[in-house]
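Please work through the exercises below with the sequence and the structure at hand. A worked solution follows each task.

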Amino acid sequence: MGYSALSILKNGLRGNRHWQAAWRDPAPKPAYDVVIVGGGGHGLATAYYLARTFGLRKVAVLEKGWLGSGNIGRNTTIIRSNYLLPGNNPFYEFSMKLWEGLEQDFNYNAMVSQRGVLNLFHSDAQRDSYTRRGNAMRLHGVDAELLDAKAVREKLPFLGFDDARFPIKGGLLQPRGGTVRHDAVAWGYARGADALGVDVIQNCEVTAIRRRNGLVTGVETTRGFIGAGKLALATAGHSSATAAMADMVLPLESHVLQAFVTEGLKPFIDCVVTFGAGHFYVSQSDKGGLVFGGDIDGYNSYAQRGNLATVEHVAEAGVAMIPGLSRVRVLRSWGGVMDMSMDGSPIIDRTPIDNLFLNAGWCYGGFKATPASGYCFAHLIARGEPHETARAFRLDRFRRGLTIDEKGQGAQPNLH
Ligand SMILES: Cc1cc2nc3c(=O)[nH]c(=O)nc-3n(C[C@H](O)[C@H](O)[C@H](O)COP(=O)(O)OP(=O)(O)OC[C@H]3O[C@@H](n4cnc5c(N)ncnc54)[C@H](O)[C@@H]3O)c2cc1C
């Protein structure tokens with residue numbers, strides 16, 4: 001069923017009794033050409049592009065919980081393509097371009113809002129490094145503007161400029177960055193994939209990977225065995241656990257990341273702002289709540305909740321950037337499990353098992369990558385070759401010394 005102004009009108013006139021379910025609730029079939037493990041943003045996007053762009057229809061997505069129960073429904077919804085390194089920049093810009101046409105493409109309102117992403121800088125050295133990043137972006141055709149302190153003050157007068165602990169010297173703005181309604185992304189891809197014949201199967205946990213003669217034959221699940229011609233892992237924070245089912249040890253650690261939302265306020269932040277002297281980022285939702293987050297909790301965990309020390313740490317950074325934040329009430333906080341890689345960059349690659357494919361290592365930046373990740377993973381699965389923008393995201397890059405360390409912080413996952 002297509003969504004349009006006309007269908008809203010027609011259904012409204014008929015008492016809204018004839019809307020169909022957005023996607024089916026199919027029972028698992030005995031086998032599929034491609035089985036994707038993980039019904040988060042990346043798994044669903046992969047299924048969608050496999051069917052839509054690469055013509056594969058015998059595809060299933062297996063999700064152990066309900067759609068959106070993982071990080072796709074827990075993130076702070078920020079999208080951007082303001083990257084420095086050649087391994088990252090074209091990929092994230094490809095993702096941004098897909099975001100720009102996504103709602104028309106999958107016929108679903110994902111509330112893509114290109115309200116701008118502003119990274120503040122607080123020292124001359126930081127200005128130099130942000131200028132360099134902005135120049136790299138422009139060389140790749142990505143939009144970037146360097147704002148001085150006066151321009152930032154005109155745009156966001158409520159930031160801590162006077163007597164600030166970390167004086168703001170300016171900011172790097174990507175006007176095309178912004179936010180997207182995260183649940184709607186999962187729902188839109190699920191609905192789009194379902195309409196193309198993909199079976200999206202919820203409450204179906206993969207418990208083992210079966211192999212014969214060095215190839216995957218299928219997966220054991222809580223709903224029985226399902227055969228797979230090709231198996232694709234897109235399990236984000238649980239990537240190490242699912243890869244271990246095929247005796248693989250990944251260069252990943254799982255860490256918790258928390259996010260917060262405040263009571264609704266009148267609109268006053270019209271873009272995404274990030275602090276340069278600590279880890280803090282904030283935007284304002286359409287309901288008026290300030291949505292913000294900061295550092296990961298810093299210890300390995302599969303618990304989808306964080307601890308109070310990090311809440312305090314994030315709040316300190318927030319108040320240092322926006323002093324008035326100290327008077328706002330926080331309504332909720334939650335956590336998600338991040339698949340932190342050793343260089344902070346993702347993996348979209350084949351594995352030593354020929355028909356097993358891996359999509360992982362998204363750290364806390366994987367939401368913005370959802371469309372390109374799905375597209376590039378589908379390309380790899382369907383054609384056996386990496387997409388041109390995702391060639392650098394190889395599993396063996398750590399062994400070969402070809403890491404993609406955007407922040408230049410070294411091989412320590414909790415710093416990325
Ligand atoms: C608090 C927070 C804030 C964030 N903010 C941002 C942001 O602003 N911008 C940004 O770009 N990124 C952000 N991220 C990161 C982003 O959300 C993730 O990198 C991305 O969502 C991960 O990909 P996914 O959507 O496929 O993951 P998920 O939604 O976690 O999908 C993985 C799925 O695999 C399923 N699964 C796991 N094991 C099995 C199994 N054995 N069998 C079947 N299914 C299984 C899980 O249930 C889960 O649904 C944030 C993350 C968090 C937690």
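The exercises that follow concern a predicted model.

**Exercise 1. Determine how the protein chain is divided into domains, and describe the side of domain 1 that touches domain 2.**

Solution.
Step 1. The domain assignment divides the protein chain into domain 1, made of 25-81 + 83-108 + 182-251 + 343-415, and domain 2, made of 117-178 + 253-341.
Step 2. Between the C-alpha centres of domain 1 and domain 2 the distance is 27 Å.
Step 3. To the contact, domain 1 contributes 31 residues and domain 2 contributes 29 residues.
Step 4. On the side of domain 1 that touches domain 2, at least two residues come from each of strand S3 (78-79), helix H3 (89-106) and helix H7 (239-244). H3 gives the most, with four residues.
Step 5. By class, the residues on this side of domain 1 are 14 nonpolar, 13 polar and four charged.

**Exercise 2. State the angle at which helix H2 and helix H6 pack, and classify the arrangement.**

Solution.
Step 1. Two packed helices are described by the angle between their axes and the distance between the axes.
Step 2. For H2 (residues 41-52) and H6 (residues 182-195), the angle is about 30° and the axes are 8 Å apart.
Step 3. Angles under 35 degrees count as roughly parallel, and therefore H2 is roughly parallel to H6.
Step 4. The crossing of H2 and H6 is left-handed.
Step 5. From H2, the residues in contact are Gly41, Leu44, Ala45, Ala47, Tyr48, Ala51 and Arg52, and they meet Val185, Ala186, Tyr189, Ala190, Gly192 and Ala193 of H6. This contact has ten nonpolar, two polar and one charged residues.

**Exercise 3. Carry out the analysis for H2 and helix H9.**

Solution.
Step 1. The axes of H2 and H9 come within 7 Å, and they cross at roughly 55°.
Step 2. This angle makes H2 oblique to H9.
Step 3. The crossing of H2 and H9 is right-handed.
Step 4. On H2, the contact is formed by Gly41, His42, Ala45, Thr46, Tyr48, Tyr49 and Leu50. On H9, the partners are Thr370, Pro371, Ser373, Gly374, Tyr375, Phe377, Ala378, Ile381 and Ala382.
Step 5. The contact of H2 with H9 comprises ten nonpolar, six polar and no charged residues.

**Exercise 4. Locate Asn16 and Cys363, and decide for each whether the residue is buried or exposed.**

Solution.
Step 1. Most residues other than glycine have a negative phi.
Step 2. Asn16, however, has a positive phi near 55°, and Cys363 has a positive phi near 50°.
Step 3. Asn16 belongs to the loop between H1 and strand S1 (31-37), whereas Cys363 belongs to the loop between strand S18 (356-360) and helix H9 (370-383).
Step 4. A residue is exposed if 12 or fewer other C-beta atoms lie within 10 Å of its own, and buried if there are 20 or more.
Step 5. Asn16 has 9 C-beta neighbours inside 10 Å and therefore counts as exposed. Cys363 has 21 C-beta neighbours inside 10 Å and therefore counts as buried.

**Exercise 5. How many buried residues does helix H1 have, and what phi does Gly15 take just after H1?**

Solution.
Step 1. H1 spans residues 5-13 and is hardly covered.
Step 2. Among the nine residues of H1, the count of buried residues is zero.
Step 3. Just after H1, Gly15 takes a positive phi of about 75°.

How values were computed
Residues are numbered from 1 along each chain as its sequence is written. This is a predicted model: local features need pLDDT of at least 70, side-chain atom pairs count only at pLDDT 80 or more; totals for chains, interfaces and linings use all residues. Axes are lines fitted to C-alpha atoms, for helices over the stretch in contact, and angles run from 0 to 180 degrees between N-to-C directions. Angles under 35 degrees count as roughly parallel, over 145 as roughly antiparallel, 65 to 115 as roughly perpendicular and the rest as oblique. A crossing is left-handed if the near helix is turned anticlockwise from the far one by less than a right angle, and right-handed if clockwise. Two residues are in contact if their C-beta atoms, placed from the backbone, lie within 7 Å. Ala, Val, Leu, Ile, Met, Phe, Trp, Tyr, Cys and Pro count as nonpolar, Asp, Glu, Lys and Arg as charged, and the others, Gly among them, as polar. Domain bounds come from an automatic or database domain assignment.
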